Amino acid sequence: MAVRWGLWGATTIAQEWVIGAIRAAGGEVVSLCGRDRARAEAYAAHNTIDQVFTDPAVFLGSGIDAVYISTINSFHHEQVLASAAAGKHILCEKPLALTLDAGREMIEACRAASVVFAVNHHLRNAAPHVAMKRMLLEGRIGDIVSLSITHAGYLPHHLQGWRINDMTAGSGVVLDLTVHDADLLTFLLDSEPESVFAIGSNSGMAVAGIEDSVNGTIRFRNGVTAAFFDAFTTPYAEHRLEVQGTRGSLMATGSLRQAPGGRLAVRDADGAQEVALNLTDLYQPNIRAFQNAIHGHGAPIATGEDGLRSLAVALAAKRSMETGAMVPVSR
Ligand code: NDP
């Protein structure tokens, strides 16, 4: 049976990517909950969604199986708790929450309610990263020595709102992009992040007190370190993810995006070669795995626990920015 979805938040991400991914994966988008009725109705009409609610309790009681939560970051916690209490399966946007206590409470609430809880870390599904993971598992570049990620671009004008001007929303580049880095690097390395050092900057795009770029390093339990540079302010930066190994190097470019794309090259004793890729949608795998988990088959690609881990790295990075110290990642 098709999973009946309700969307919590009339958001850009839902409209640009997730509604289409749900439909392509055989799910039905049946309702929307927004704060402003007129805006929600216009959004629903534009996206062919039948039912619109402004009262969350009525929305959650309206016969949906699953909720996709993509409101601003500060709302995720209470909306996950309400959805779990109503017995709904939940796909939540990153970052899971703004504190570890809140994240743990969300995971516990979903466990107690026996609902599937997933977080929408889509970058695991990018074709260059899937191929990279396979090649690392095959030992193609020997032992991993170091990783580096440049997740830097220009925050589009239509998204230059709460991310850069609302201290209470869960703003800043770390909660927006570094969480994705943390999840992707952990996925590739298959090792727990142990500590983080970060220096944030404000180049004037974000209001004072909110970082719009960050440089840092994550140390993993297996001894490998990963450097990251994340920014809203660099229109001409190229997205890059590099893994240096004892017998070769892997270089992905253009892969840290929402749309399918990017390239992967391997360089070793035989020279440099492009890796053939099968470019596919990055969001559909998350939706399919989530729906399968609802039907009792397998687990989400990124679980609530994965979301807690990436949040823990982001919060450690923020703490490091404040203190100037290397900060342990605690969960
Ligand atoms: P939008 O700015 O498009 O939408 C945010 C929504 O939050 C609004 O539609 C609104 O919902 C609600 N909201 C509540 N308070 C405010 C406020 N003060 N200002 C603005 N909106 C408010 O968000 P995005 O689509 O860009 O991002 C939404 C979520 O998705 C975030 O958690 C973000 O981190 C995540 N995201 C994830 C991506 C991924 O690839 N996994 C990519 C992009 C974003 P309403 O009016 O309907 O109540």
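Select R163 and the ligand together: in this predicted model, a polar side-chain atom of R163 lies 2.9 Å from an oxygen atom of the ligand. Add N73 to the selection, and a polar atom of its side chain is found 2.6 Å from a ligand oxygen. Then add Y283, where an N or O atom in the side chain is 2.5 Å from an oxygen atom of the ligand.

With these three side chains in view, turn on a surface for the ligand: of the 900 Å² of accessible area that the ligand has on its own, the protein covers 86%. Colouring by secondary structure next brings out α1 (12-24), α7 (162-165) and α8 (173-189), the elements that each give two or more residues to the shell around the ligand. Expanding the selection to the whole shell gives 26 residues, of which A10, T12, N73, W162 and Y283 come nearest to the ligand. If the shell is coloured by class instead, it shows seven nonpolar, twelve polar and seven charged residues.

Stay with α1 and select Q15, which is placed in that helix. Q15 is partly exposed, its relative accessible area being 35%. Leaving out residues up to four places away in sequence, Q15 touches Y43, H46 and N47. A distance label drawn between the C-alpha atoms of Q15 and N47 should read 7.2 Å, although the two residues are 32 apart in sequence.

Move on to helix α4, residues 76-85, and show the side chains of H76, Q79, V80, S83 and A84, which are buried. Looking down the axis of α4, you will find these buried residues within an arc of 130°, so they line one face of the helix. Rotate to the other side of α4, where E78 and A85 are exposed. To see what lies over the buried residues of α4, display the elements that cover them, including β1 (4-8), α3 (56-60), β4 (66-69), β5 (89-92), α5 (100-112) and β6 (117-119). After the helix comes G87, with a positive phi near 75°.

Keep β1, β4, β5 and β6 on screen and add helix α9, because the cover over the buried residues of α9 includes these four strands together with α1. The buried residues of α9, which spans residues 284-294, are N286, I287, A289, F290, Q291, A293 and I294. Following α9 is G296, whose phi is also positive, near 90°.

The last stop is helix α6, where eight of the eleven residues are buried, so the helix is largely enclosed by the rest of the structure. Select A127, P128, H129, A131, M132, K133, M135 and L136 to display those buried residues, and then show β7 (144-152), α8, β11 (240-245), β12 (248-253) and β13 (263-268), which are among what covers them.

Within α6, which runs over residues 127-137, centre the view on H129. How accessible is H129? Its relative accessibility is 0%, and H129 therefore counts as buried. A polar atom of the H129 side chain lies 2.7 Å from the backbone oxygen of L123. Beyond its neighbours within four places in sequence, H129 is in contact with L123, R124, L184, F187, L188, L241, S255 and L256. To finish, step past the end of α6 to G139, which has a positive phi near 75°.

Methods:
Residues are numbered from 1 along each chain as its sequence is written. This is a predicted model: local features need pLDDT of at least 70, side-chain atom pairs count only at pLDDT 80 or more; totals for chains, interfaces and linings use all residues. Side-chain values use heavy atoms; hydrogens and water are left out. Buried means under 20% relative accessible area, exposed over 50%, partly exposed in between (1.4 Å probe, protein chains only). The arc is that of the directions from the helix axis to the C-beta atoms. Contact means heavy atoms within 4.5 Å. A residue is near a molecule or strand if one of its heavy atoms lies within 4 Å of it. A polar contact is a pair of N or O atoms within 3.5 Å; within protein, one must be able to donate a hydrogen and the other to accept it, and residues adjacent in sequence count only if both atoms are side-chain atoms. Accessible areas come from the Shrake-Rupley method with a 1.4 Å probe; for residues, only the protein chains shown count as cover. Ala, Val, Leu, Ile, Met, Phe, Trp, Tyr, Cys and Pro count as nonpolar, Asp, Glu, Lys and Arg as charged, and the others, Gly among them, as polar.
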